[in-house]
Amino acid sequence: MALLIEGGHIIDPGRFNATGDLVIDEGKIVAIGRGVKIPPGAARVSAAGRLVVPGFVDLHVHFREPGYEYKETIQSGAASAVAGGFTTVCCMPNTNPVNDNQAITEFILERARAARLANVLPIGAITKGSEGKELAEIGDLRRAGCVAISDDGKPVMNSLVMRRAMEYALAFDIPVIDHCEDLHLAEGGCMNEGLISTELGLPGIPAAAEDVMVARNVSLAELTGARLHLAHISTAGSVRMVREAKSRGLRVTAEACPHHFMLTEEVVRGFNTLAKMNPPLRTWQDVQAIKDGLRDGTIDVIATDHAPHATQEKQQGFTEAPFGIVGLETALPLTLALVEEGILSLESAVEKLSAAPARVFSLAKGTLQPGADADVAIIDPQAQWEVDPGKFRSKSRNTPFAGWKVKGLVMTTIVGGRVVFEAAGSA
Amino acid sequence: MSLKRKDLLSLAPLSAEEIKLILETADSFKEVTGREIKKVPALRGRTVVNLFFEPSTRTRTSFELAAKRLSADVINFSPSSSSVVKGETLLDTARNIEAMQADIIVLRHSSAGAAETLARGVKSSVINAGDGWHEHPTQALLDLYTIRERGLSFQGLRVAIVGDVSHSRVARSNIHALTKLGAEVRVVGPPTMIPMGIDKLGAKAFYNLDDALRGVQVIMMLRLQLERQGRALFPTIREYARLYGLTAERVKMAEPGAIVMHPGPINRGVEIAPEVADSLSSVILDQVANGVAVRMGILYLMSGAN
């Protein structure tokens, strides 16, 4: 049945930014604008005072299945995604077993189909078992449906292996993602290295651990011509190097996470394990640099690095607790905070959550163009609410934003023309 | 008077007055430890649990003796003899201990922040007996007590802390306490062992031991963890000893009458020459003796007993 979304503020980044109507039929966008032709018998939804945007695309989530289903499953992760306005998510391969072969990729896609919520697109491993030694069957992974390759939390330390991976990936035009961290420099570290790590006696991870790998990867991208995507950059040095690489026309893209532009290492005080993530929260200067990078386009994409962990795991001591926080259900208001602050226009904020990530991974997503899949989010940009992890759709509750009063609420999420999420109390 | 704190986790938040109160309280217990019958009934009926996840002889024994001399019931838990080896978390272990009505838990753990994590989860008072590289408050307090006992006043006192400051909880607690009381703290060691931003904690960093010792009244040596040689922190023990070992010759760089301290156990011939450890300027054994009195004072204050 056709659906008419009436009178909302529609933003299709780069194409349309005005009040209008959106018509969906048979799972596709069929019309956008004012005075559009309404198919007979279409259901009507009023979007007055609401934003109507392409469903968000997250290039970086961890759905934990197979292997760690007590933290998150593809079903619960996808439910969390659509509650946050995300209609497409790309899941990292650090499951157990690692997604380094066609069978695991197919399993993930099968689970995602069964969940019938969001589009879940797997990211394959660069090396077998993400051990950094032998290349995974990247051609098979691509054919099975992987949209990018990464060894994620286990960055490829051997530069020759990384070079070969970048070269090999050229044959499939698949982006190579690196979590930039020199594992020797970072060894044993659990927070940013600096005054606070010194005071708390916690082993630090210096900004240089990220910077040296960004430098290496940019050099290798230049050598090979590969499409390099840098996951969750967190330092001023990374922003500077990505800016420079882009100015030279290299095919380098980058993402930043809301926690890296909203929080500093100060939050770790009191040994707060909900402030433990990798890369770690950095300094005020780094946060400013990330914002500058978002503003001037150096950083293409906002991604969540949604990393669910069970409560008992985060209740351990700071050094023992795992890295990571959930992010899908808080990304929208935290991004809109950048609009309030004047860092991003509303359109560029929407773009960094939809059209830009789709472009980086060459996904036919993140747009409201007629003919595109009808993946849409309807947002109340003025709604104020308090973050309550108890209400998350995710299986996990690990967020440092609990209790924050935020603005911007997802009212309705539509995937392939089907309503998959509606906020409680929304009409 | 008592400390209005449930826990003693770190010296960073303590005021100079609170530190002085602890030292003064220790005075009266120092007198008790000199008696023929070294026992008072102050903590009779109270239970103190020593929860030591890291091997320790000196600190655990010192706490045990302190609690016993206050007539408390004392239980010692160590990982090898408890359910920790069965995978129980720190918090679960502590809650079980608490369920047995422990009034005070004394915790030693290899992870920074363990005491704070524990204190948030239990109603019992928690005393940090060393957590990772973070703090060792009772060691610093007994060091302060020992300095004070030598008639030195803290205001303007020049103290050099020598060695692996990065990995030292003793150094951190001493820097907090000494600077609060008005002392000038110098830290000295190879740059690989001086942590980033130490100056913001109020300590001045030196890389040359002779320069750092000039004019100090207190030389506080840190134990060198010999296994760190493999971590590219220093090339050889031989070179470390040559550059940062305290020799009789070097003691002369300090102010006449300067005292030499060490939290133990000492590596003779590495960070400290045997003749210095055994010299008249060494107060290493006074530190051990004072440890009991200071811990008695802390247990007494933490128990809220009057």
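**Entry 1: what sits over α4(B)**

I started at helix α4 of chain B and looked up its surroundings: the cover over its buried residues includes α3 (90-99), β3 (104-109) and β4 (125-131) of chain B. A reminder to myself that this is a predicted model.

How many residues of α4(B) are buried? I found 6 of the 8 in residues 114-121, so I noted the helix as mostly covered. The names I wrote down are B:Ala114, B:Ala115, B:Glu116, B:Thr117, B:Leu118 and B:Ala119.

**Entry 2: the side facing chain A**

Next I turned to the contact between the two chains. It draws 21 residues from chain B and 17 residues from chain A. I then asked which elements of chain B give two or more residues to the side that touches chain A. They are α3, α4 and α6 (169-180). My starting helix came up again here: α4(B) gives the most to this side, with 3 residues. Sorted by class, I have 9 nonpolar, 7 polar and 5 charged residues on the side of chain B that touches chain A.

**Entry 3: α1 against α5**

I moved on to a helix pair. For such pairs, the description rests on the angle between the axes and the distance between them.

In chain B, I looked at α1 (residues 16-33) and α5 (residues 137-149), whose axes come within 10 Å and cross at roughly 70 degrees. Angles of 65 to 115 degrees count as roughly perpendicular, and α1(B) and α5(B) are therefore put down as roughly perpendicular to each other. I also noted the hand: α1(B) passes α5(B) in a right-handed crossing.

Which residues make the contact? From α1(B) I listed B:Ile19, B:Ile22, B:Leu23 and B:Ala26, and from α5(B) B:Leu141, B:Leu144, B:Tyr145 and B:Arg148. The spacing in my list made me recall a helix rule. An α-helix has 3.6 residues a turn, so residues three or four places apart point the same way. By class, I get 7 nonpolar, no polar and 1 charged residues for the contact of α1(B) with α5(B).

**Entry 4: stepping back to the whole of chain B**

I closed the day with the overall picture. Chain B holds 11 helices and 9 strands. Its C-alpha trace spans about 55 × 45 × 35 Å along the principal axes. I checked the radius of gyration too: a compact globule of 306 residues would come near 19 Å, and chain B has 19 Å, which agrees.

Buried residues account for 50% of the 306 in chain B. Last, I looked at contacts between residues at least 6 apart in sequence, and 75% of these join residues at least 24 apart.

Conventions:
Residues numbered from 1 in each chain as written. Chains lettered and ligands numbered in written order. Predicted model: local features only at pLDDT ≥ 70, side-chain atom pairs only at ≥ 80, totals over all residues. Helix = DSSP H or I, 4+ residues; strand = E, 2+ residues; numbered from the N terminus. Rg over C-alpha atoms; globule rule 2.2 N^0.38 Å. Buried ≥ 20, exposed ≤ 12 C-beta atoms within 10 Å, placed from the backbone. Contact = placed C-beta atoms within 7 Å. Nonpolar A, V, L, I, M, F, W, Y, C, P; charged D, E, K, R; others polar. Axes fitted to C-alpha atoms, helices over the stretch in contact; angles between N-to-C directions. Parallel < 35°, antiparallel > 145°, perpendicular 65-115°, else oblique. Left-handed = near helix turned anticlockwise from the far one by under 90°.
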